[in-house]
Structures are given as C-alpha cells and as structure tokens.
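Visitor: Please take me through one part of this model at close range. I would like to see the sheets, what packs on them, and one loop residue with its contacts.

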Amino acid sequence: MSQETITLYFRNATSDKVYQATIKEQGNGYMVEFAFGRRGTTLRPGTKTQTPVSYDEAKKIYDKLVAEKMSKGYSPGIDGTPYIGTDKVDRVSGVQCQLLNPIEEDEITQYIKNPDWCFQEKFDGKRMLVRGDFEGNIEAINRKGLIIGLPETIQHSLSQLDAVFIIDGEAVGDKLYVFDILHYQAVNYNAGNIRNWEYSARLEVMSIIKQKLLGSAVELVRTVTIEKDKETFLAQIKSEGKEGIVIKRLDAPYSAGRPSSGGNQLKYKFTETISTIVLAVNAKRSVSIGLINDSGKVVNSGNVTILPNFPIPAVDDIIEVRYLYAHPQSGKLYQPIYLGKRDDIGREACRTSKLKYKAGVDDDES
C-alpha cells in the first residue's frame, strides 16, 4: 500500500521527462521506490532501499530524493516549468546550454580524419554562459539555466564588449574559456540570435570579439580543424594530463539540451580504470570502495553507484571502476563508474600506486 507518492515533470528544449517517487509499505517496514523516463513511455523502475526500513527512515530518504529532483528543475506541474515551488524560481534565466554525449577511444579516429569535425580542449571547470546588454548588465548562467554569481574579473573583461551577447564557456577559477556564442549585437555588427548558424560561422563571430578581449580574463579556446593538427593536438592534450577534448561538427547549429544519443557536439575523456575493494554496502544502490596504500593499509577511495542492471556486490568483493582521476589530497576517485566484479584477481592488485592523479585540483572543486 502506498503511503506517499509524487509525480514530477521536467521539460526543456529537448527533454520531456517524468519522475515518480513512492513510499510503499512492505512487511514490517517501508520501501522507497522510483520510476523515470520520457513522458508517454513506460517508466523504468528502481528502489532507493534494498530492504524495508522504518517509516521515519523511508520518509527521510523520500524527502531528500524529491528535493534533489526539484533542485535539478523537476516540478509537480504537468507543464514541467522548472523550479516552480522552489527558492530557485526567481533565478530561472530562460537560457539552456547544449550538453554533450561521450564517445569511447575506439571512435576517435573517424573524427580525426573527417574534415567536418573540429577539436577543442575540454576544460575542467564549471560550465558558465554569460549574457550582457548595452546598459552594462552582465549575468552568469549555469548548466541548469539558473542565474549565478559572476567573478568580478570576468565581468570587468566582458564589459569591454559594449554589446548584447550570450556566450558559452567554462569558468576555471577567475577566468572564462569561451567556446561558443549564441547571440551578438553590436553597433557595427548586428547579428542578433545566431543559434541556428553553422558553428564555423559562429567561430567567425567569436574572432570578431576576440580583439576586444586581449589580455583579459576571458579567452577563446583554440579550435583545430586539420587532420594532422588534430592528431598532434590530441596527443599534446593527453600528455599534459588534461581532462579530454570536445569534438564539434562545423556545420551544426547550437541545440540546447542533450540528445538521447550521438549529436553534433561530443566529448572524449581520458578515463582510467582500477580494481578496488568493496568496503561497505550503502543504504542506496552504492558501495564504498578502497585501495591498499604503500604502507599496506586499506584507505577509502569514495563511493560508486551500482546501476539497476547490476547485482550489488558484497563486502570484500573486488570490483572494476572507471574514473577520470583521483584527487591528490584524499585519493578519492572523481566520476567513478561501476564496470563489474573481478573474480580473476586478489586484493593485492588493488593499489593506490596505480591511481592517476590530477595535479592542482582541490577535493572540494568537484
């Protein structure tokens, strides 16, 4: 019997999704179940509790789940208007960014050889769109479409443009690396909304504003288009320990949201894999993992989510995890992805000495 349930909706330029959460009585306790998917399709079910818990514990898990979803833009209204009923409603910008799908290493060669695609560095910062007007009003927008604070250095640099603009980039500290432009209107160049222009044409508009930003806290990313240069660029970025590259189709428009697969803008990250020891099974579908350090002590390396199509491993199991890098101070894995159990190796193979670290990254930056 259901004790409490809610249906949430999310809609933007490319998504129309539903998320349901329910507290159900089972035996002497309660389960927190969920279902999600595109509106009008069969929803995929899951559970946040592997075994029945007390009602107070179930309600705590349920309330946290609902709050997390609403903080990401889901709302109870069937029209899916983002952040209705939350404290974020006044920060909705009406601007959504274009999101990228990943590709694997064996796919990269086709994009190197294809002249229709260009390469750029994938910066390891915070996604930030910035818009401004002739009156000098400048505000930043995050990947969720919410207005956020803008570093003073970036604001000062962009005030030099004296234009109506919307640019897209990645903020690393107090510097903004710009890789796209959605709107540009200046006294001597009235382009307006250019989202539907080919990316190569939008690059030309960015080159126009580049001259006004020389020596500033705003920098246009390098774009590589020739096959030989793409090969060299890829090798250089990887050797420098960078996060990865972004691959963009030169004739593509700017399309907000993330396509269900593929797309005109992709990302390739230089990920690593490592074998880890399961230290604990958490209340939700995740496990704590650890590695053996040089002193022979098992140290915690963070948590990894176990997807619904995998059985949850047991304590002391050896599992394989893909990750982007390890934090240099704590050794915790950044963006871990569960790949499955390893029955062919022992604990001695799970060593911190095998980790790939990211230089200059603080543990609270992710």
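**Sheets, helices and a loop**

Guide: Start with one pair of residues: Val278 sits opposite Ile289 of S17. Keep in mind that the model is predicted.

That pair belongs to a longer match. Strand S16 covers residues 272–281, and strand S17 covers residues 286–292. The two pair in the antiparallel sense, over four bridges. In general, the strands of a sheet pair through backbone hydrogen bonds, parallel or antiparallel.

Now widen the view. S16 and S17 are part of an open sheet of five strands. The order is S18-S17-S16-S19-S22, and the pairing is antiparallel. Strand S18 (298–305) and strand S22 (337–341) stand at the edges. Each has a single partner strand, so one side of each is left without a neighbour in the sheet. On average, neighbouring strands of this sheet are turned by 45° against each other, direction ignored.

Next, the other sheet. Four strands make up this open sheet, in the order S5-S15-S14-S6. Here the pairing is mixed. Strand S5 (101–102) and S6 are the edge strands, and each pairs on one side only. Helix H4 packs on this sheet and touches S6, S14 and S15. The direction of H4 makes about 50° with that of S6. Helix H5 also lies across S6, S14 and S15, but runs at about 15° to S6.

Look at strand S6 itself. S6 spans 117–122. Is S6 enclosed or open to the outside? Six of its six residues are buried, so S6 is largely enclosed by the rest of the structure. S6 and S14 run antiparallel and are joined by six bridges. Within this pairing, Gln120 stands opposite Val246 of S14. Lys122 stands opposite Gly244 of S14. Hold on to Lys122; that residue comes back below.

Now helix H4, residues 199–210. Check its length first. At 1.5 Å a residue, its twelve residues should span 16 Å. The end C-alpha atoms are 16 Å apart, which agrees. The buried residues of H4 are Tyr199, Arg202, Val205, Met206 and Ile209. Seen down the axis, these fall within an arc of 110°, so they line one face of the helix. What covers them includes S6, S14 and S15, along with strand S11 (175–186), strand S12 (189–193) and strand S13 (218–220).

Helix H5 (227–239) gets the same check. Its 13 residues should span 18 Å at 1.5 Å a residue. The end C-alpha atoms are 19 Å apart, which agrees. Lys230, Phe233, Leu234 and Ile237 are the buried residues of H5. They cover an arc of only 100° around the axis, which puts them on the same side of the helix. Lys228 and Ser239, on the other side of H5, are exposed. The cover over the buried residues includes helix H2 (108–113), S6, S14 and strand S15 (265–269).

Follow the chain out of H5. Just after the helix, Gly241 takes a positive phi of about 75°. Then comes Glu243, in the loop between H5 and strand S14 (244–249).

Is Glu243 buried or exposed? Its relative accessibility is 5%. The cut-off for buried is under 20%, so Glu243 counts as buried.

Which polar partners does its side chain have? One is Lys122: the two side chains make a polar contact of 3.3 Å. Another is Lys269, whose side chain joins that of Glu243 in a polar contact of 3.4 Å. Lys122 is the residue seen above, opposite Gly244 in S14.

The full set of contacts goes further. Leave aside the neighbours of Glu243 within four places in sequence. Glu243 is then in contact with Lys122, Phe123, Asp124, Tyr268, Lys269, Phe270, Leu324 and Lys358.

One last stop is the loop between S14 and S15, where Gly262 is found. Gly262 is partly exposed, with a relative accessible area of 38%. Leu100 lies 162 residues away along the chain. Even so, the C-alpha atoms of Gly262 and Leu100 are separated by 8.4 Å.

To recap the loop residue: Glu243 is buried, and its side chain makes polar contacts with Lys122 and Lys269.

Terms used: Residues are numbered from 1 along each chain as its sequence is written. This is a predicted model: local features need pLDDT of at least 70, side-chain atom pairs count only at pLDDT 80 or more; totals for chains, interfaces and linings use all residues. Side-chain values use heavy atoms; hydrogens and water are left out. Buried means under 20% relative accessible area, exposed over 50%, partly exposed in between (1.4 Å probe, protein chains only). A polar contact is a pair of N or O atoms within 3.5 Å; within protein, one must be able to donate a hydrogen and the other to accept it, and residues adjacent in sequence count only if both atoms are side-chain atoms. Contact means heavy atoms within 4.5 Å. The expected span of a helix is 1.5 Å times one less than its number of residues. The arc is that of the directions from the helix axis to the C-beta atoms. Two strands pair if DSSP finds at least two bridges between them. Axes are lines fitted to C-alpha atoms, for helices over the stretch in contact, and angles run from 0 to 180 degrees between N-to-C directions.
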